[in-house]
Amino acid sequence: MLQNMEGSISGLLAHPSVSKGIKGALQKPGGARYYRCALQVNPFAYLKRHAKQTSFADEDDYNAAMVQACQANGVDVIAITDHFRVDTAESLANAARAAGIRVFTGFEANTSDGVHLLCLFPETTSLADIGLVIGACGVTGFNSESPQADKNCEQLLALIRERGGVTIAAHACSASGLLRTLSGTSRVRTWLSRDLMAVALPGSRADAPTEFRKILSNKDGAHKRIRPVAVINASDVSDPASFATPAATTFVKMSEVSVEGLRQAFLDWESRICLNTDDTPDDHVELIAVAWDGGLLDGQSMQLNKNLNVLIGGRGAGKSTVIESLRHVFACMPKGAEANRSYDSFVKNVLRNGTKISVLIRSPKPSTQYYLLECVVPNRTTIRNGAGALVDGLVPLDIMPGLECYGQHEISELTRSPEKLAHLLSRFVAKDTSRDAEKSDLTHKLGKSRSDIERLNTDLRKYEDDISSLPALREKLDRYDKAGLKNRLADKTILDRELRAFAAARQEVESLTKCIQSTVENSAVSHAAFSEEELGSFPRVELLREADQALVELENKIGSALFSITKAIQEAGPQFDDIERRWHEATATVTQDYESTLRDLQKQGVDGSDFISTQNQVAELEVKEEHLTKLRARKAEKIRDRREFVAAWENVKAQEFRALEAAAKKVGRKLQGRVRVRVRRGEALTPLEAVLRKSVSGQGPGVAIEKFKEAASLSIPDVAEAIRAGSVALTERYGLTPASAEKIASGGESLSMQVEEVDLPAEAIIELNVSREEGVDNWKQLDDLSTGQKATAVLLLLLLGSDAPLLIDQPEDDLDNRFITDVIVPTMRVEKEKRQFIFSTHNANIPVLGDAEQIVGLTPVVEFGVERTLVPNHLVGSIDTEGVREMVRELLEGGRAAFELRREKYGF
């Protein structure tokens with residue numbers, strides 16, 4: 001693994017902050033991966049013996065050209081297979097190995113019934129030992145071009161298996177091929193042999209000759225096997241150009257290049273064999289390596305595979321620690337309350353403060369980038385980019401959006417929430433950034449609109465209270481007017497109006513001063529749009545310099561204008577002081593006359609000052625009355641705008657709902673016959689109840705919610721309108737009791753607007769087909785299923801619809817075992833090519849039938865009285881790794897004896 005990506009992340013790995021654990025993890029087993037294999041390569045002697053035309057003068061030139069062609073075409077592994085000869089392969093094998101190409105040595109056999117077989121042996125098998133196998137085949141006529149054995153195809157298949165090799169039926173549908181050469185009972189018996197594991201074709205099963213397609217696709221009754229034979233592409237490669245042809249090579253997934261790796265690949269060819277003509281899934285984000293400093297896994301690290309990773313080990317071995325460590329690094333919080341409590345306890349008591357977790361991740365799109373995440377519990381995770389620099393402003397889920405993590409029994413808890421199940425469907429909805437932006441914008445607009453209207457209502461109430469005395473004051477003023485005071489005190493009336501004009505002018509100057517001060521504070525123009533160094537890097541530098549100069553000129557003009565305005569305002573103050581002084585001088589006589597008139601009126605028993613005071617109050621309140629009219633008009637405008645916002649809000653919510661409906665149909669198509677999903681409007685009304693309880697105390701909200709639930713089709717805008725209309729509307733439309741309706745209606749317009757902004761989450765109705773009979777459906781909703789069946793249905797949703805990693809701690813705890821084998825594993829096998837899975841398990845079906853590319857064996861130990869977990873290298877790999885295979889057998893199957901006993905009891 002390190003060799004494949006070292007150049008891309010050399011800067012990151014060289015950074016001093018990168019832990020030794022991460023660097024060490026990249027040197028550890030990475031599990032099964034695809035190797036491009038050419039499994040029928042001929043040595044130079046084969047060409048000479050068969051008089052093949054070649055441009056190469058000698059064997060060394062031929063070997064060099066063949067090795068170079070392997071490297072140019074990405075061929076990782078070759079098998080050299082001369083006809084019942086092995087010594088002719090030695091020089092080519094040595095040249096290939098010297099270039100880093102893995103080599104299987106063996107031979108091509110010609111059976112007594114004329115079938116050609118490729119016989120491959122472990123790399124550790126000596127040429128002499130392979131020669132002994134050739135002798136055991138009963139070969140005669142060694143001097144002929146293609147010697148023949150005295151054993152038939154079925155016998156020779158068994159012999160090669162007994163001697164530790166693996167066989168491939170060469171060019172199966174062509175001359176000397178198994179299907180073309182054999183017929184009748186002989187072909188049926190040979191085809192059904194458990195020793196026949198793979199056949200070579202130049203293309204796919206569908207491209208095979210018509211007469212053999214049913215046999216190859218396992219649809220021919222006489223030739224039907226428990227498991228179909230693997231098909232690979234392998235054809236005679238006798239010149240360098242042949243490596244480029246699709247028929248010559250096959251991608252074989254192995255954790256170790258070995259005969260056992262080939263055997264496991266042939267056994268599970270759907271998972272481990274990829275032809276050049278097969279579709280390859282898109283690249284996806286992946287966790288590459290994880291390492292720990294401190295805690296239960298102190299000093300341990302592991303490399304992860306891009307497909308299916310399975311953690312195994314006894315109870316308390318640390319499987320949950322691995323899953324929860326990764327959850328903590330990504331801050332991927334549990335979805336349910338119970339899971340949250342378990343997680344908090346786990347962090348406190350198991351992960352423990354001070355433990356450092358390091359995770360290396362790879363993100364391939366839009367260009368490949370590597371990141372290092374580091375978290376010291378309980379702190380936040382830091383992120384370093386491929387150059388080793390800290391990245392600010394991002395959280396781990398920004399780099400790896402869609403990553404999901406589920407602890408033990410968390411999936412079971414999820415099944416109890418239809419709203420959260422509906423949220424799972426959003427993973428199948430294409431990201432619509434415009435709709436998300438529109439919804440966010442409408443949320444803001446609705447909130448601001450409500451705030452504006454509530455503020456206007458407050459102002460309206462204040463002004464309405466203020467002018468409530470205006471009719472009485474006008475009546476009083478009218479009586480004074482009839483007594484002739486208006487004419488006698490007209491000069492004082494004009495005087496007061498002039499004073500109010502002066503006050504208004506002063507207020508305007510203050511407003512202008514504040515406005516200009518705010519403008520000055522926010523008017524800084526940075527004319528340095530680009531540095532000189534940056535300018536020099538642009539081809540049209542002169543135009544950019546012109547733009548820069550224009551910014552300088554703009555800044556100067558704005559500065560000059562602001563200076564002039566500020567100076568004008570400063571000069572206005574003294575100017576107004578002088579004007580007001582001169583006004584007081586000019587009105588001194590009027591004031592004296594007014595005071596004299598007041599004295600005369602007092603002698604007549606009339607309070608002239610009260611008239612003036614009343615007149616001033618009326619004048620001030622009439623100004624407020626005008627402002628009240630404007631406020632009412634402004635509120636009407638705000639309400640019109642809000643109606644538009646509410647209509648748009650309902651529309652965008654409807655779009656989201658329709659998108660979820662489409663997602664439900666998509667899931668149904670993907671899981672046809674197993675799971676089906678539909679969505680409905682949220683029936684729990686939890687968000688609506690929260691809004692009501694926030695504004696209304698007592699039992700009213702609870703009673704109202706129950707009545708709302710009884711409505712055939714509840715419309716949130718209709719509920720808001722009913723609240724706005726009052727208690728009678730609530731009683732008539734929804735059957736609320738008068739007391740409850742009065743309580744809700746008391747919330748008034750403010751509550752009505754809050755209700756308009758409610759977003760009821762959709763709910764998912766999931767059904768699982770529990771029928772055991774093929775072709776017979778028996779659909780049941782979650783509420784009617786067992787705990788295990790519920791979890792099965794939800795896990796199927798989780799496995800689909802994302803290219804981000806999925807982490808689950810012991811999913812089998814909540815699953816029915818039959819559904820693991822029949823439903824979960826087949827889905828997992830398909831989806832693991834599209835995304836990374838990291839599971840912990842005690843169930844053998846997940847790593848074995850799921851064909852996990854990386855199985856990690858965790859071993860608990862006690863050192864000096866302290867519990868620790870180790871991750872030994874020999875217990876990491878795929879099922880084709882001996883140590884891993886033995887651990888799976890012992891831990892998950894109960895050992896060989898238990899496995900054999902079960903097999904015998906079942907009669908297999």
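The largest cavity in this predicted model has a volume of about 50 Å³. A search through the whole structure turns up 2 cavities of 30 Å³ or more. Around the largest one sit Gly407, His409, Glu410, Ile411, Ala791, Leu795, Ile808, Asp809, Gln810, Pro811, Asp814 and Leu815. Three elements each give two or more residues to that lining, namely α17 (410-414), α33 and β20 (806-809). Sorted by class, the lining comes out as 6 nonpolar, 3 polar and 3 charged residues.

The second largest cavity holds about 40 Å³ of space. Its wall is made of Trp292, Gly294, Gly295, Leu296, Leu297, Thr321, Ser325, Val350, Leu351 and Thr355. Here α14 (319-330) and α15 (337-351) each put in at least two residues. The class count for this lining is 5 nonpolar, 5 polar and no charged residues.

Next, the packing of nonpolar side chains. In soluble globular proteins, such side chains tend to be buried together. The largest nonpolar core in the model runs to 57 residues, and Leu425, Val677, Ile766 and Phe839 have the most contacts inside it. Helix α33 (residues 787-799) provides the largest share of this core, 8 residues. That helix turned up above too, as one of the elements lining the largest cavity. Leaving out neighbours within four places in sequence, Leu425 is in contact with Leu660, Ala663, Ala664, Val667, Val677, Val679 and Ala764. A second core, separate from that one, has 38 residues, including Ala317, Phe346, Leu373 and Met400.

As for the cysteines, the structure holds 0 disulfides. Take Cys119: the nearest cysteine sulfur belongs to Cys137 and is 6.4 Å away, whereas a disulfide would need the two sulfurs within 2.5 Å. Cys119 is buried, at a relative accessible area of 0%. Cys405 is likewise in no disulfide, and its nearest cysteine sulfur, from Cys332, lies 5.7 Å off. Cys405 also counts as buried because its relative accessibility is 0%.

The backbone has a few oddities. Most residues other than glycine have a negative phi, and most peptide bonds are trans. Lys365 and Pro366, however, are joined by a cis peptide bond with omega about 0 degrees. Pro366 belongs to the loop between β13 (356-363) and β14 (369-376). Another cis bond links Val377 to Pro378, this time with omega about 5 degrees. Pro378 falls in the loop between β14 and β15 (382-384), so strand β14 has a cis proline in the loop on either side of it. Two non-glycine residues also have a positive phi: His171, at about 25 degrees, and Asn218, at about 65 degrees. His171 sits in the loop between β5 (166-169) and α9 (178-181), while Asn218 is found in the loop between α11 (210-216) and β7 (230-233). Asn218 is buried, with a relative accessible area of 8%.

One more loop residue is Thr125, placed between β4 (116-120) and α7 (127-136). Thr125 counts as buried because its relative accessible area is 19%, and the cut-off is under 20%. Not counting residues up to four places away in sequence, Thr125 touches Thr105 and Ile130.

How values were computed: Residues are numbered from 1 along each chain as its sequence is written. This is a predicted model: local features need pLDDT of at least 70, side-chain atom pairs count only at pLDDT 80 or more; totals for chains, interfaces and linings use all residues. Side-chain values use heavy atoms; hydrogens and water are left out. A nonpolar core is a set of buried Ala, Val, Leu, Ile, Met, Phe, Trp, Tyr and Cys residues joined through side-chain atoms within 4.5 Å. Buried means under 20% relative accessible area, exposed over 50%, partly exposed in between (1.4 Å probe, protein chains only). Helices (H or I, at least four residues) and strands (E, at least two) are DSSP runs, numbered from the N terminus. Contact means heavy atoms within 4.5 Å. On a 1 Å grid over the protein atoms alone, a cavity is a set of points where a 1.4 Å probe fits but cannot get out, and a pocket is an open set with protein on both sides within 12 Å along at least five of seven lines; lining residues have an atom within 4 Å of a point. Grid points are joined across faces, edges and corners, and a volume is the space filled by probe spheres set on the points. Ala, Val, Leu, Ile, Met, Phe, Trp, Tyr, Cys and Pro count as nonpolar, Asp, Glu, Lys and Arg as charged, and the others, Gly among them, as polar.
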